[in-house]
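Here's a walk through this two-chain model, written for someone who likes to click around while reading. Load it up and follow along.

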Amino acid sequence: MELICLGHFVLSHNPEVWILGELMLNCSWGGVGGDSIHRIHPALECHSLVVSLSSFLLRFNYRSTHHLTSNGFYEFLNWFDERAWYPLGRIVGGTVYPGLMVTAGLIHYVLNLLHMTVHIRDVCVFLAPIFSGLTAISTFLLTRELWNQGAGLLAACFIAIVPGYISRSVAGSFDNEGIAIFALQFTYYLWVKSVKTGSVFWTIGCCLSYFYMVSAWGGYVFIINLIPLHVFVLLLMQRYSRRVYIAYSTFYIVGLVLSMQIPFVGFQPIRTSEHMAAAGVFALLQAYAFLQYLKDRLTKQEFQTLFFLGVSLAAGVVFLTVIYLTYTGKFSLSLMRYLCPPPRYAKIHIPIIASVSEHQPTTWVSFFFDLHILVCTFPAGLWFCIKNINDERVFVALYAISAVYFAGVMVRLMLTLTPVVCMLSAIAFSSVFEHYLGDDQKKDKEGLGPNIKSIVTMLMLMLLMMFAVHCTWVTSNAYSSPSVVLASYNHDGSRNILDDFREAYYWLRQNTDEHARVMSWWDYGYQIAGMANRTTLVDNNTWNNSHIALVGKAMSSNESAAYQIMQSLDVDYVLIIFGGVIGYSGDDINKFLWMVRIAEGEHPKDIRESDYFTPQGEFRVDKAGSPTLLNCLMYKMSYYRFGEMQLDFRTPPGFDRTRNAEIGNKDIKFKHLEEAFTSEHWLVRIYKVKNEGSSRTSSFLRKARS
Amino acid sequence: MSSSVFSVLSKFVAEYRRSTPAKLKVVDAYLLYILLTGALQFFYCVLVGTFPFNSFLSGFISCVGAFVLGVCLRIQINPQNKSEFLSLSPERAFADFLFAHAILHLVVVNFIG
């Protein structure tokens, strides 16, 4: 792919313009084709049924889209889901970003209108690769505005195969980021275009694209802070021009009213602190523009008189307004989730956010794994941009700096860093190639010898080829296996498929009452709702911390206390994940401390994290472990009957492969629970709650339901 | 101080009357009207209360939006700024103005509730 791009790049520097049109066509096809091929890898490797919608969160997205296509648009907007967050229910229409579902639903509708009957599941599975092709095209357009056509081609090629973006847009990954990154790049392209031309037409296009982005992803806050920052920095650099005024003022106002159309966003753009920067810059820009207008028409002295009066008036008004709003409580300083609280703060104060593995700080390994050589060449591109500064390049420099900061805070935000890294690396490579490949009129003393030129070119090409090889390897190995099905390799190299999750969910689906309520940790909520079709207590939406804390408390208490909680919540079944038999490290015992921390946040008198550690401060599951831990519900459910199981003749019975320890409490008996189901490799264990003397409320609810 | 401010303002108004072309004066009158309407809406909201909030917001934003778009139009058709907007003829500026207003009012009508 790089050779094709190189060839195109060389040609593009010829004055023949007719080639350029062909180039664009080729590149867009190459972009779409290239990255689509990479992203269909998982579909090719595994059966389409398995790959569809593997991960936890995606199940919910698919379920909502299915609801949209079966019941229509207005039903979807007003959907109240009473099978999630029992007994509270969830207002789906008001708590979800509808862009993804509406896009999939629209494509499904149009295709069926043209009598190409495609099932909604297939649309969902293949939506992300199609949109990544569109992302490649918009990256090309954006980089072409920033630098030149050659850089644009390189950027499109990079973003087509870079692992950082592929991880969130493989076939089967039906998640907001798949379409959001396209919307992001396209919005930025239209913004750069409107700043360059100063035309209201491009700005309105930018607003419409911004509206699509708001409907698609919560990361739209990044746009609404980066663009005002850009304008502000331009003002500071004394690069104010009327085009900037036209572009930003129109964008802010029309974008504001458009963003408030999404029910989930509501009135946030004028209430929360995350959006205040945009409003502030808007007001500042109006004042600045008006002052510029006056300055053009008055002499210096006259202007000064008016200036002081105006500034003092404005400052007074702003001061009074802020005081009034803070006093009456209308102005809320939200938790600023999107500004990424520093990890240590989050760990103590907001354990839910800190417990998600994707929210951990990024390691250098992740940077290299996801970006390979691009992470090294991207500072060079940034330097080139800053050296030849103009209005658009200020924007991309700010984008790069802020994206690097956010990517350093959370692994999940590597995704927002990836497009800008691709663009700037493309600029770096493009400048290098331009310098070393152009062999026209270089006859002066400074001219480089042809040997040096060819050596440098060959080195660069080798780097690009290694990059392509790395990307292909990463995609096939790391991001192609659906997480529902685990694969392991035996001694002889043959692959062993562990299908425990699906086995358990289908057991639930077929062997339990339709209105049964399942308690599990929130990670599995969407999957239970989607694959087993049962009511859950907490799921991945994590909007209600106290409800999750209650579940955590039930899991961490001893059996009687837990039984009381489960009775009050009307729980019929409890589902846990146990990895001790096969050595799976993502099981509930490993997540247990987070359950304790979250429960402690809401019930500090009943649950104390220190109780679960040994006096020496270790977390142990063997005989030396703390008695609170050895008697809590989670421990008992994980290790029930495990004490009799001997996996290997070398290890004693009850040897936990994940923790590498022989368990302490082998003689487990339950008073209020009974074992309902354990999957083949003991990965998923389901327990039934015995309800002797069921409370009046639960039987009343059951009667009302039937 | 106040006398000098007054003299500056009166000088400014006189110079404005003299040197601004008629087209721009029409746009300025329109802008003044929008400004007054917006201020009126805001004072009504302060007096009577913010319920229903979305209706107030949509009306107020429609005023601010119309004002901003009017200012953009004025900037783009001002012959003094021609060097900055080489590719934008006044007709194109007006067409953009109409297009932007169409989108703005569509959204405002949806938001009024």
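A word on burial before anything else: a residue is called buried under 20% relative accessible area, exposed over 50%, and partly exposed in between, using a 1.4 Å probe and protein chains only. By that yardstick H115(A) is exposed, at 72% relative accessibility.

Now the ground rules. This is a predicted model, where local features need pLDDT of at least 70, side-chain atom pairs count only at pLDDT 80 or more, and totals for chains, interfaces and linings use all residues. Residues are numbered from 1 along each chain as its sequence is written, chains are lettered from A and ligands numbered from 1 in the order in which they are written, and side-chain values use heavy atoms, with hydrogens and water left out.

**Chain A overall**

Chain A has 32 helices and 11 strands; these are DSSP runs numbered from the N terminus, with helices being H or I of at least four residues and strands being E of at least two. Of its 706 residues, 55% count as buried. Take contacts (heavy atoms within 4.5 Å) in chain A between residues at least 6 apart in sequence: 72% of them join residues at least 24 apart.

UniProt, in an unreviewed entry, puts "domain: STT3/PglB/AglB core" at residues 518–574 of chain A. UniProt positions are in the numbering used here, feature names are shortened, and annotations may be inferred rather than shown by experiment. The end C-alpha atoms of residues 518–574 of chain A lie 6 Å apart, and the span is 53% helix and 11% strand.

**Odd backbones**

H115(A), the exposed one from above, sits in the loop between α7 (99–113) and α8 of chain A. Its phi is near 60 degrees, a positive value in a residue other than glycine. H372(A) also has a positive phi, about 50 degrees, without being a glycine. That residue belongs to the loop between α20 (364–371) and α21 (374–387) of chain A, and H372(A) is buried, with a relative accessible area of 9%.

Over in chain B, a cis peptide bond joins F51(B) and P52(B), with omega about -15 degrees. P52(B) is found in the loop between α2 (22–48) and α3 (53–77) of chain B.

**Helix α8 and the salt bridges**

T139(A) lies in helix α8 (residues 120–146) of chain A and is buried, with a relative accessible area of 0%. Leaving aside residues up to four places away in sequence, T139(A) touches A155(A), I159(A), Q185(A) and M423(A). With Q185(A) there is a side-chain to side-chain polar contact at 3.1 Å. A polar contact is a pair of N or O atoms within 3.5 Å; within protein, one must be able to donate a hydrogen and the other to accept it, and residues adjacent in sequence count only if both atoms are side-chain atoms.

Side chains of opposite charge can pair when their charged atoms come close. A salt bridge here is a side-chain nitrogen of Lys or Arg within 4 Å of a carboxyl oxygen of Asp or Glu, and the count comes to 25 over all chains. Three of them are set out below.

| Salt bridge | N to O distance |
|---|---|
| E145(A) and K193(A) | 3.4 Å |
| R168(A) and D175(A) | 3.7 Å |
| R659(A) and D656(A) | 2.8 Å |

E145(A) lies in helix α8 of chain A and K193(A) in helix α11 (residues 176–197) of chain A, so the pair ties together parts that are 48 residues apart in sequence. E145(A) is buried at 9% relative accessibility, and K193(A) is buried too, at 17%. Both belong to a network of salt bridges that links E145(A), K193(A), K196(A) and E392(A). R168(A) counts as buried at 18%, as does D175(A) at 8%. R659(A) and D656(A) are both buried as well.

**Where chain A meets chain B**

Which three residues supply more of the area that chain A buries against chain B than any other three? First the totals: 35 residues of chain A are in contact with 37 residues of chain B. The two chains bury about 3200 Å² between them, 74% of it on carbon and sulfur atoms; buried area is the accessible area (1.4 Å probe) that two parts lose on being put together, summed over both. The trio is R242(A), V257(A) and R297(A), with 18% of chain A's share.

The rule finds 0 salt bridges across this interface, while 5 residue pairs are in polar contact (both at pLDDT 80 or more). On the side of chain A that touches chain B, α14(A) gives the most, with 11 residues.
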